[in-house]
Amino acid sequence: ETLSGAGPADAGWVFPFNEPLPPEPGDNQAFATNTTDGSVTYDVAIAMVWVTGDDPVLNVNEAYAFASCADCVTVAVAFQVVVIVGTADVVVPQNLSAAVNYECFECITAAIASQLVITVDALPDAEQQIALAEIWEEIMAFAASIPTLPLADVIAELEEYKAEIMDILGVAP
């Protein structure tokens, strides 16, 4: 889910490099671009992905914040949980972030990509499913509040959510 964001289609591409490719199925991407002086742009993307069977785990979690403006704020936050059920022969997830100021003056630009990849023996039982649904509602509410928080608090809270999810699923840190 993307919250209060401005993506690449909002303005002409002014940066001296190509736009990142759109996310593939099973991937997660926050993409904030800002070319308006004096503005604030946030994009927040969160996702939980379940991988079962012998499917390869190639999930990509990306946060991109690109700014070309004066006195502006541009922030992208991507949070992805990948739960592997059983075994997987190929596990090559990627967690990427880039924050770029181009011809910026007094800009704040930040990108946070946070990804949790864990393996469990079986799908969660009813009690675990309820607990996961509850924490995911909490994460959704938190995601909506990210534009009001200091970035250090955002990072700390995402780490807490990772620990809580691992605890619910019985995965040791």
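## Glu160 and the negative patch

Glu160 is partly exposed in this predicted model, with a relative accessible area of 46%, and its place in the fold is helix α2. Together with Glu134, Glu137, Glu138, Glu164 and Asp167, Glu160 forms a patch of negative charge on the surface. Two helices, α1 (126-145) and α2 (151-168), are the elements that each contribute two or more residues to this negative patch.

The accessibility of Glu160 bears on its membership, because a patch residue must have over 30% relative accessible area and no salt bridge, and Glu160 has a relative accessible area of 46%.

## The salt bridge in helix α2

Helix α2 also carries a pairing of opposite charges, in which the side chains of Glu159 and Lys162 meet in a salt bridge with an N to O distance of 3.1 Å. The structure holds one salt bridge, and its two partners, Glu159 and Lys162, lie three residues apart in helix α2, which is about one turn of the helix.

The two partners fall into separate accessibility classes: Glu159 is partly exposed, with a relative accessible area of 41%, whereas Lys162 counts as buried at 12% relative accessibility. Glu159 would pass the accessibility cut-off for a patch, which is over 30% relative accessible area, but residues with a salt bridge are left out of patches, and Glu159 has such a bridge with Lys162.

## The loop between β3 and β4

Leu58 and Asn59 can be read together, since Leu58 lies in the loop between β3 and β4 and Asn59 has its place in that loop as well, between β3 (40-51) and β4 (60-67). Leu58 counts as partly exposed at 46% relative accessibility, and with Val90 and Val92 it makes a nonpolar surface patch of about 240 Å².

Asn59, by contrast, is buried, with a relative accessible area of 6%, a value that lies under the 20% limit for that class. The side chain of Asn59 reaches the backbone oxygen of Gly26 at a distance of 2.7 Å, so this pair lies within the 3.5 Å limit that is used for a polar contact between N or O atoms.

## Strand β6 and the loop that follows

Ala98 is found in strand β6, which covers residues 94-101, and it is partly exposed, with a relative accessible area of 25%. Ala98 and Ala111 are separated by 13 residues in sequence, while their C-alpha atoms are 5.8 Å apart in space.

The loop between β6 and β7 (108-120) contains Glu103, and Glu106 also has its place in the loop between β6 and β7. Glu103 has a positive phi of about 50° although it is not a glycine, and Glu106, likewise not a glycine, has a positive phi of about 55°. Glu103 is exposed, with a relative accessible area of 65%, and Glu106 counts as exposed at 56% relative accessibility.

## Ala70 in the loop between β4 and β5

Ala70 lies in the loop between β4 and β5 (73-85), where it is partly exposed, with a relative accessible area of 23%. Ala70 and Phe31 are 39 residues apart in sequence, and the separation of their C-alpha atoms in space is 19 Å.

Terms used:
Residues numbered from 1 in each chain as written. Predicted model: local features only at pLDDT ≥ 70, side-chain atom pairs only at ≥ 80, totals over all residues. Heavy atoms only, no water. Patch = residues over 30% accessible without salt bridge, like charges linked within 9 Å, V, L, I, M, F, W, Y side chains within 5 Å. Areas by Shrake-Rupley, 256 points an atom, 1.4 Å probe, with all protein chains shown as cover. Salt bridge = Lys/Arg side-chain N within 4 Å of Asp/Glu carboxyl O. Lys, Arg positive; Asp, Glu negative; His and termini not counted. Charge placed at Lys NZ, Arg CZ, Asp CG, Glu CD. Helix = DSSP H or I, 4+ residues; strand = E, 2+ residues; numbered from the N terminus. Buried < 20%, exposed > 50% of the residue type's maximum accessible area, 1.4 Å probe, protein only. Polar contact = N/O pair within 3.5 Å; in protein donor to acceptor, adjacent residues only side chain to side chain.
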